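Work through the exercises below with the sequence and the structure side by side. Try each task before reading its solution.

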Amino acid sequence: MSLIDKIYKWLDDRFKLEELLSPIVKHPAPTNVVSNPLYCLGGTAFMCFLILVLTGIFLAMYYKPTPDAAYKSVQTIMTTVPLGSLIRSTHHWAANTMIAAVMLHMIRIYFMGAYKKPRELNWVVGILLLLITTTFGFSGYLLPWDQLSFWATKIGTGIAGSMPVIGGYISLILMGGNDIGAETLTRFFAIHVLILPATIAIVLGLHFLMVRIQGISGRL
């Protein structure tokens, strides 16, 4: 018996892991799901999310969210920190891939009619996940604090501020004032590493729970 088997047996004797995990892990998927790559888009997005969490923790160890130090800390990550360039690039491409995968997943759900009864609420949760994912990308765009990120954020906050009634409040919450500055960078960093991860973890839990209860929809 290997060391891993011994550890598993030790835990299973005390916490009944076999009895607890079997109904969750051994859940057969429909044949049309296994044979169709379009049904893997949600899983692809989730894998990207896990990669973003791991690489994001690494980047947070070196990133400094102040106007004077942000750009230099990104340069340090790219040029001095061991494997920093690779991990930051992985973070960047995982973010883009996750946004694309979530969008394609939603398109697949829509055109296959999987949003209809009894999965209406899960469709709403999916829309919320799409909004959170794009907000993740937008909030991370300012963090390098270079010209490109500054002006992209200027345009993005301007669009948010142009919304009727609540636009001014959203702009004020995002920027922390009338223009982009140190307060904006701090708020975007907090949104990117604290608020959005906690929010998406809760919403993902709801999404998975509803998929587990209702099952995967079949073809039209």
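Two residues are in contact when they have heavy atoms within 4.5 Å of each other. The model used throughout is a predicted one.

**Exercise 1. The overall build**

Task: Describe the secondary structure of the protein, and state what share of its contacts with a separation of 6 or more joins residues 24 or more positions apart.

Solution: Begin with the secondary structure, which comes to 10 helices and 0 strands. Reading along the sequence therefore gives the pattern α-α-α-α-α-α-α-α-α-α, with helices taken as DSSP runs. Next, turn to the contacts: among those with a separation of 6 or more, 67% are between residues 24 or more positions apart. One pair that is far apart in sequence is Lys-72 and Pro-144, which are separated by 72 residues along the chain, while their C-alpha atoms lie 8.7 Å apart in space. Lys-72 itself is found in helix H5, and with a relative accessibility of 56% this lysine counts as exposed. Finally, consider the extent of the model, in which the C-alpha atoms fill a box of roughly 55 × 50 × 30 Å along the principal axes.

**Exercise 2. The nonpolar cores**

Task: Find which helix gives the most residues to the largest nonpolar core, and list what Ile-200 touches.

Solution: First, note that 33% of the 220 residues of the protein count as buried. The largest nonpolar core has 32 residues, and those with the most contacts inside it are Tyr-63, Met-98, Leu-185 and Ile-200. Then ask where the core residues come from: H4 (41-60), H5 (70-79), H6 (84-111), H7 (120-141), H9 and H10 (182-214) each supply at least two of them. Of these helices H10 gives the most, with 9 residues. Now look at Ile-200, leaving out residues up to four places away in sequence: Ile-200 touches Phe-49, Met-98, Leu-129, Ile-132, Thr-133 and Phe-136. Apart from the largest core lies another one, of 5 residues, including Phe-58, Leu-59, Ile-77 and Val-81. As background, nonpolar side chains in soluble globular proteins tend to be buried together.

**Exercise 3. A nonpolar patch on the surface**

Task: Identify the residues of the nonpolar surface patch that includes Tyr-169, and decide whether Tyr-169 is buried or exposed.

Solution: The patch is formed by Met-163, Val-165, Ile-166, Tyr-169 and Ile-173, which together have about 560 Å² of accessible area. Tyr-169 sits in helix H9, which covers residues 167-175. Because the relative accessible area of Tyr-169 is 60%, this tyrosine is exposed. For the protein as a whole, about 14000 Å² is exposed, and carbon and sulfur atoms supply 72% of that area.

**Exercise 4. The cysteines**

Task: Explain why Cys-40 and Cys-48 are not joined by a disulfide.

Solution: Start from the cut-off, since a disulfide needs a pair of cysteine sulfur atoms within 2.5 Å. The cysteine sulfur closest to that of Cys-40 belongs to Cys-48 and is 13 Å away, so the two are too far apart for a bond. Seen from the other side, Cys-48 is in no disulfide either, for its nearest cysteine sulfur is that of Cys-40. The count for the model comes to 0 disulfides. As for their surroundings, Cys-40 is partly exposed at 41% relative accessibility, whereas Cys-48 is buried at 8%.

**Exercise 5. Backbone details and a buried histidine**

Task: Locate the cis peptide bond and the positive phi values of Lys-16 and Leu-83, and then describe the surroundings of His-105.

Solution: The peptide bond from Lys-117 to Pro-118 is cis, with omega near 10°, and Pro-118 lies in the loop between H6 and H7. Lys-16, although not a glycine, has a positive phi near 55°, and this lysine is placed in the loop between H1 (3-15) and H2 (17-25). Leu-83 is also not a glycine, and its phi is positive at about 65°. The loop between H5 and H6 holds Leu-83, which is exposed with a relative accessible area of 60%. His-105, by contrast, counts as buried at 15% relative accessibility and lies in helix H6. Leaving aside neighbours within four places in sequence, His-105 is in contact with Leu-41, Gly-42 and His-207.

Terms used:
Residues are numbered from 1 along each chain as its sequence is written. This is a predicted model: local features need pLDDT of at least 70, side-chain atom pairs count only at pLDDT 80 or more; totals for chains, interfaces and linings use all residues. Side-chain values use heavy atoms; hydrogens and water are left out. Patches are made of residues with over 30% relative accessible area and no salt bridge: like charges are joined within 9 Å, nonpolar side chains (Val, Leu, Ile, Met, Phe, Trp, Tyr) within 5 Å. Accessible areas come from the Shrake-Rupley method with a 1.4 Å probe; for residues, only the protein chains shown count as cover. A salt bridge is a side-chain nitrogen of Lys or Arg within 4 Å of a carboxyl oxygen of Asp or Glu. Helices (H or I, at least four residues) and strands (E, at least two) are DSSP runs, numbered from the N terminus. Buried means under 20% relative accessible area, exposed over 50%, partly exposed in between (1.4 Å probe, protein chains only). A nonpolar core is a set of buried Ala, Val, Leu, Ile, Met, Phe, Trp, Tyr and Cys residues joined through side-chain atoms within 4.5 Å.
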